[in-house]
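Trainee: I would like a close look at one part of this model: what lies inside it. Please take me through it step by step.

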Amino acid sequence: MKKAGRSSFVETVLTVFYAVLIAIVIRTVLFEPFNIPSGSMRPTLEVGDYLFVSKYSYGYSRFSLPLGLDLFEGRVMEQPVTRGDVVVFRKPGDTSTDYIKRIVGLPGDRIRMVDGVLIINDVAVPRERIEDYIETLPNGGMRRIEQYRETLPGGVTYITFNEITGGTADNTGVYEVPPGHYFAMGDNRDNSMDSRIKPELGGVGFVPAQNLVGRARIIFFSTDGSAGLFEPWNWFGAIRYGRLLQVIR
């Protein structure tokens, strides 16, 4: 009986060990879950969205590893970023912080904003005004937000918010993206600390390729935040069912 008991215990320990090992491999090599804490990528991503990021999309760097273990420099099995990808990266100058933005500028590009219009290599990115977004405020009021459908060179299309006409980052100088770096922007153009803002001012600046964690792929869960942890009777009503399993573009 003791022998059988020990055998059962060992099998349980091995099962748990293998399960943890598989989870670590999946999280390190394939996918990692993230949640959206801010509105900088609205309307593409909303606060309360939970998504999977594919870590294999661009190869692997130290930031692909648990706790950012500094085992090697640069990237291995590196793959190029496609303009328009929504990516998770470690903030330059503060690599303990994850950011999520859209890549609009590739190495060698010249990026500029003029009156809220994105200019890439001296060509304005086409954008079409579409129906306003109607937002319900916490006090029950409503407000309209201008929306535009942008189409980047290469064909990636998405919707951006314009909350403020003449915002501080609606007009900029020319940014020349250096080799091995990318230019990232939030889809919520007036509420995004991104590559338009220097790191010393709280922004991102250019994003080094080494800082990329992966590409945002799919929303697997979303909640509007109306249900507290200890309010199970409200949980189902807080789920945004229309956003579940939504592919991120």
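Trainee: To start, what percentage of the 249 residues of the protein chain count as buried?

Mentor: The answer is 41% of the 249 residues. Keep in mind that this is a predicted model.

First, the frame. The protein chain holds two helices and 15 strands. Its C-alpha trace spans about 80 × 50 × 35 Å along the principal axes. Take the contacts with a separation of 6 or more: 57% of them join residues 24 or more positions apart. The accessible surface of the chain is about 13,700 Å². Carbon and sulfur atoms hold 61% of that surface.

Now go inside, to the largest nonpolar core. How many residues does this core have? It has 14. L45, L51, V86, I100 and I248 have the most contacts inside it. Three elements give two or more residues each: strand 2 (49–54), strand 3 (86–91) and strand 14 (212–222). Strand 14 gives the most, with three residues.

Take L51 as the way in. L51 sits in strand 2. Why does L51 count as buried? Its relative accessibility is 0%, and the cut-off for buried is under 20%, so L51 qualifies. Leave out residues up to four places away in sequence, and L51 touches E32, P33, F34, I36, L45, I100, A216, I218, I219, F220 and I248. Three of the residues named for the most core contacts are in that list: L45, I100 and I248. For spacing, use N35: the C-alpha atoms of L51 and N35 are separated by 6.2 Å. Along the chain these two residues are 16 apart.

Move on to I100. With residues up to four places away set aside, I100 touches I36, S40, M41, L45, L51, V86, V87, V88 and A216. So I36, L45 and A216 each touch both L51 and I100 under the 4.5 Å contact cut-off.

S40 leads out of the core. Besides its contact with I100, S40 is touched by N191. N191 also touches G39, again without residues up to four places away. N191 lies in the loop between strand 12 (181–185) and strand 13 (207–208). Is N191 buried or exposed? It is partly exposed, because its relative accessible area is 41%. Its C-alpha is 21 Å from that of I120, 71 residues away along the chain.

Next, empty space. A search of the whole structure finds one cavity of 30 Å³ or more. The largest cavity holds about 50 Å³ of space. Which residues line it? They are G116, R127, Y148, E150, T160, F161, N162, D170 and R189. The lining divides into two nonpolar, three polar and four charged residues. Strand 9 (142–151) and strand 10 (157–162) each supply at least two lining residues. Strand 10 gives the most, with three.

One lining residue, D170, deserves a stop. D170 is in the loop between strand 10 and strand 11 (175–176). D170 counts as buried because its relative accessible area is 4%. Its contacts, neighbours within four places left aside, are M113, V114, D115, G116, N162, I164, T165 and D190. Among them, G116 and N162 also line the cavity. L118 is 52 residues from D170 in sequence, and the two are 8.7 Å apart, C-alpha to C-alpha.

Last, the backbone. Most residues other than glycine have a negative phi, and most peptide bonds are trans. Check three places against that background. The peptide bond from R42 to P43 is cis, with omega near 0°. P43 is in the loop between strand 1 (31–35) and strand 2. M77 has phi near 55°, a positive value in a residue other than glycine. M77 is in the loop between strand 2 and strand 3. M77 counts as exposed because its relative accessibility is 63%. L245 also has a positive phi, near 60°. L245 is in the loop between helix 2 (232–238) and strand 15 (246–247). L245 is exposed too, with a relative accessible area of 61%.

Key
Residues are numbered from 1 along each chain as its sequence is written. This is a predicted model: local features need pLDDT of at least 70, side-chain atom pairs count only at pLDDT 80 or more; totals for chains, interfaces and linings use all residues. Side-chain values use heavy atoms; hydrogens and water are left out. On a 1 Å grid over the protein atoms alone, a cavity is a set of points where a 1.4 Å probe fits but cannot get out, and a pocket is an open set with protein on both sides within 12 Å along at least five of seven lines; lining residues have an atom within 4 Å of a point. Grid points are joined across faces, edges and corners, and a volume is the space filled by probe spheres set on the points. Helices (H or I, at least four residues) and strands (E, at least two) are DSSP runs, numbered from the N terminus. Ala, Val, Leu, Ile, Met, Phe, Trp, Tyr, Cys and Pro count as nonpolar, Asp, Glu, Lys and Arg as charged, and the others, Gly among them, as polar. A nonpolar core is a set of buried Ala, Val, Leu, Ile, Met, Phe, Trp, Tyr and Cys residues joined through side-chain atoms within 4.5 Å. Buried means under 20% relative accessible area, exposed over 50%, partly exposed in between (1.4 Å probe, protein chains only). Accessible areas come from the Shrake-Rupley method with a 1.4 Å probe; for residues, only the protein chains shown count as cover.
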